[in-house]
Amino acid sequence: MMGLEERTDDELVGGMVSADAAALVCFEAFYDRHYRAAFALAYRIVAERTLAEDVVQEAFLALWRYAKSFSPTRGNGRTWFLSIVHHRALNALRRLKPRRNDEPLDDTFERAANEDVYGVWAQVIRGLDATQVREALGTLPVEQRDAISLAFLGGLSNTEVAAQLGVPLGTIKSRIRLGMHKMRAMLAPLTLEKPLS
């Protein structure tokens, strides 16, 4: 059996499925390999150390519980796990920002209403490295690039993006949706799995 340091992320996640002592060893190896990246991502979104630590803990717990749902055909283990961290961090931000009484209910649940766009984001980043995503983002018109950066990398809600850019909410939603679809089209060829040699 190969050493843990030689095993790929996908193999480590696959090794967690049995939920026995060997699974725990795989989990620990994955944790050691990716804790720093997970914390950096969570901290960049929530901007508070204790909350970022809580987010990472929740994400690793989800990894342990749902390792069997991971499919290497849809992306690699690291990307899948970091998407869990990303979503947990955004959820933590939402919990911290309760809806004001004067805020329309539609704005409060705008992310839920735009799940198709967030699904596109997951498809775009699955199996890609940060450089490829940054390059694709850089090809978008500046309006779309700014909206996507603030929403997905900055962790802002669509309402917050609209306020920061001084643009109507509907315009922001359209820019994000159009930009994400363009990025998916640009990056789709890069996500195709190469045949095993």
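**Notebook: an all-helix chain**

I started with contacts (heavy atoms within 4.5 Å): among those in the chain between residues at least 6 apart in sequence, 67% join residues at least 24 apart. Note to self: this is a predicted model, where local features need pLDDT of at least 70, side-chain atom pairs count only at pLDDT 80 or more, and totals for chains, interfaces and linings use all residues. Residues are numbered from 1 along each chain as its sequence is written, and side-chain values use heavy atoms, with hydrogens and water left out.

Next I looked up the fold. I found 11 helices and zero strands, taken as DSSP runs numbered from the N terminus (helices H or I, at least four residues; strands E, at least two).

Then burial. Of the chain's 197 residues, 40% count as buried (under 20% relative accessible area, against over 50% for exposed and partly exposed in between, with a 1.4 Å probe and protein chains only).

I checked H10 (residues 158-165) and got Asn158, Val161 and Ala162 as its buried residues. They sit on the same side of H10 because they cover an arc of only 100 degrees around the axis, going by the directions from the helix axis to the C-beta atoms. Ala163 and Gln164 are exposed on the other side of H10. Just after H10, I noted Gly166 with a positive phi of about 65 degrees.

Last, H2 (residues 21-46) against H4 (residues 77-96): they pack at about 35 degrees, axes 9 Å apart. I read axes as lines fitted to C-alpha atoms over the stretch in contact, with angles from 0 to 180 degrees between N-to-C directions. Phe30, His34 and Leu41 are among the H2 residues in this contact, and Phe81 and Leu82 are among those from H4.
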